[in-house]
Amino acid sequence: MARISGVDLPRRKAIAYALPYIYGIGLATSQKLCALAKIPETKKVEELTEADVKAIRDAIDSTVKVEGDARREVQASIKRLMDLGCYRGLRHRKGLPVRGQRTRTNARTRKGPRKNLARRSG
């Protein structure tokens, strides 16, 4: 099993579709990495030789931030927005949608379960 950047890649998938299991790599980036490492995108992970895996690791190290570094960068960007007190930072701080979605309905993922208001009777 190929282990790249601390992630076990699925064995029976083509390398172009297995690399996006690594945080920070999407399909387009994985295709570029395959081209850079001179490995056909259709080659299965279980068919890779040690030289192929090393070529992919070198390509990733030289071009892309992945896993811990990428997560840290994203968290630092969010923290910067929150410290600035800009609109997007305030939305992050309150746990509300950040990119302009409506919140009157359909924001349950960010807002959490409904909190029913105690109705006044009378």
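A residue counts as partly exposed when its relative accessible area lies between the limits for buried, under 20%, and exposed, over 50%. In this predicted model, Ser 5 has a relative accessible area of 30% and is therefore partly exposed. The points below take up Ser 5 together with another residue of positive phi, Asn 106, and then turn to the packing of helix H4 against H5.

**Residues with positive phi**

- Ser 5 sits in the loop that runs between strand S1 (3–4) and strand S2 (7–8), and its phi is near 55°, a positive value in a residue other than glycine.
- Asn 106 lies in the loop between helix H5 (87–94) and helix H6 (108–111), and here phi is near 60°, again positive in a residue that is not glycine.
- With a relative accessibility of 69%, Asn 106 counts as exposed, because the limit for that class is over 50%.

**Packing of H4 and H5**

- Two packed helices are described by the angle between their axes and by the distance between those axes.
- For helix H4 (residues 67–84) and H5, the angle is about 105° and the axes are 7 Å apart.
- Since angles of 65 to 115 degrees count as roughly perpendicular, H4 and H5 are therefore roughly perpendicular to each other.
- On the H4 side, the contact is formed by Ile 78, Leu 81, Met 82 and Asp 83, which meet Arg 88, Gly 89, His 92 and Arg 93 of H5.
- Taken by character, the residues in this contact of H4 with H5 divide into three nonpolar, two polar and three charged.

How values were computed: Residues numbered from 1 in each chain as written. Predicted model: local features only at pLDDT ≥ 70, side-chain atom pairs only at ≥ 80, totals over all residues. Heavy atoms only, no water. Helix = DSSP H or I, 4+ residues; strand = E, 2+ residues; numbered from the N terminus. Buried < 20%, exposed > 50% of the residue type's maximum accessible area, 1.4 Å probe, protein only. Axes fitted to C-alpha atoms, helices over the stretch in contact; angles between N-to-C directions. Parallel < 35°, antiparallel > 145°, perpendicular 65-115°, else oblique. Contact = heavy atoms within 4.5 Å. Nonpolar A, V, L, I, M, F, W, Y, C, P; charged D, E, K, R; others polar.
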